Amino acid sequence: MATNNNVLVLGATGGIGGEVARQLRDAGWQVRALKRGVAKSGERKDGMTWLSGDALNRQDVLEAAKDCSVIVHAVNPPGYRRWSELVLPMLDNTIAAAIAQGAMIVFPGTVYNYGPDALPVLAENSPQHPVTRKGAIRVEMEQHLLDASRDGARVLIVRAGDFFGPKTGNSWFSQGLLKPAKPVKTVSYPGGRGIGHEWSYLPDVARTMVELLARREKLDAFASFHMAGHWDADGTQMCAAIRRVVARHAGSEPRVVAFPWWLLTLVSPFVTTFREMREMRYLWRTPVRMDNTKLTAVLGHEPHTPLDEAVEATLVGMGSLPYTSSLPVAA
């Protein structure tokens, strides 16, 4: 196993990839970021080395990963187009590079892998019987990673609930509950009262990955961990936090309304994103909670930013607050 502090990040301009890249840089790692269309390959910017290349081109990934002990695979096809066709080839390129270097692959997991039979509490050994197309592909991706761990690569999967954070991009928080770059007048909540839901603050997820990487030599060849994140026990706590934060800035609380599932039903035959969102409705109809016992046994804790601070930083990052932050952001 390679043990240097060189890391290649695929998807460094995205939400989770970017956050992990920045935190690894701050932790003393030598970060390389592969990105299509880089004007000058090898340029140092923001404390990272940016390389021109495409995650769909195996040779590009193999070259970028030379002498790296870790590869963070947080990349998606441009604009999420042809997602189902391209995600496995992209992952297989990362696997090939990891096997060549004896490197560890860091992979952000999702709850899409699980069907209703595994709910309401998800542990690392819960059965993965997905009921959606995206979930089935996610399970296949993790099977490829398991096979890779038997062929010379090592794998770290960190699974968390729905992401929120200053630079999250595509997420239920920024595309379902709220509208980015607009004052928060209403919050559209997809679940019902009494239905618990798991949220994960993106910087906490990245910090968890960084802390686990610091212990990577002691981890199994295929290591999977679940984060507890922010557990909204009755489906009201996230909306209440948003209302509190907005009221501190704007002087009035936004209304909470029911998410328009009926509209998704109407337009989903024509819009792929809406169709996929509708497929995930089952995750809002039953409690979904993550068991982090294994994670805390290894780290002794789980990185956790207080909810109001995390929500405020998220809204500031989304351009949804009328002026700058009044709460300190957790270190």
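**View 1. Eight strands form an open sheet of mixed pairing.** The strands follow the order 3-4-2-1-5-6-8-12; strands (E, at least two residues) and helices (H or I, at least four residues) are DSSP runs, numbered from the N terminus, and two strands pair if DSSP finds at least two bridges between them. Strand 3 (43-45) and strand 12 (222-226) are the edge strands, each pairing on one side only. On average, neighbouring strands of the sheet are turned by 25° against each other, direction ignored. The model is predicted: local features need pLDDT of at least 70, side-chain atom pairs count only at pLDDT 80 or more, and totals for chains, interfaces and linings use all residues. Residues are numbered from 1 along each chain as its sequence is written, and side-chain values use heavy atoms, with hydrogens and water left out.

**View 2. Strand 3 pairs with strand 4 (residues 48-52) in the antiparallel sense.** Three bridges join these two strands. Met 48 in strand 4 is the bridge partner of Lys 45.

**View 3. Helix 3 (residues 83-101) and helix 4 (residues 133-149) pack at an angle of about 15°.** Their axes, lines fitted to C-alpha atoms over the stretch in contact, with angles from 0 to 180 degrees between N-to-C directions, lie 10 Å apart. The two helices are therefore roughly parallel to each other, a term for angles under 35 degrees. The contact (heavy atoms within 4.5 Å) includes Trp 83, Leu 88 and Ile 95 of helix 3 and Ile 137, Met 141 and Leu 145 of helix 4.

Methods. Angles under 35 degrees count as roughly parallel, over 145 as roughly antiparallel, 65 to 115 as roughly perpendicular and the rest as oblique.
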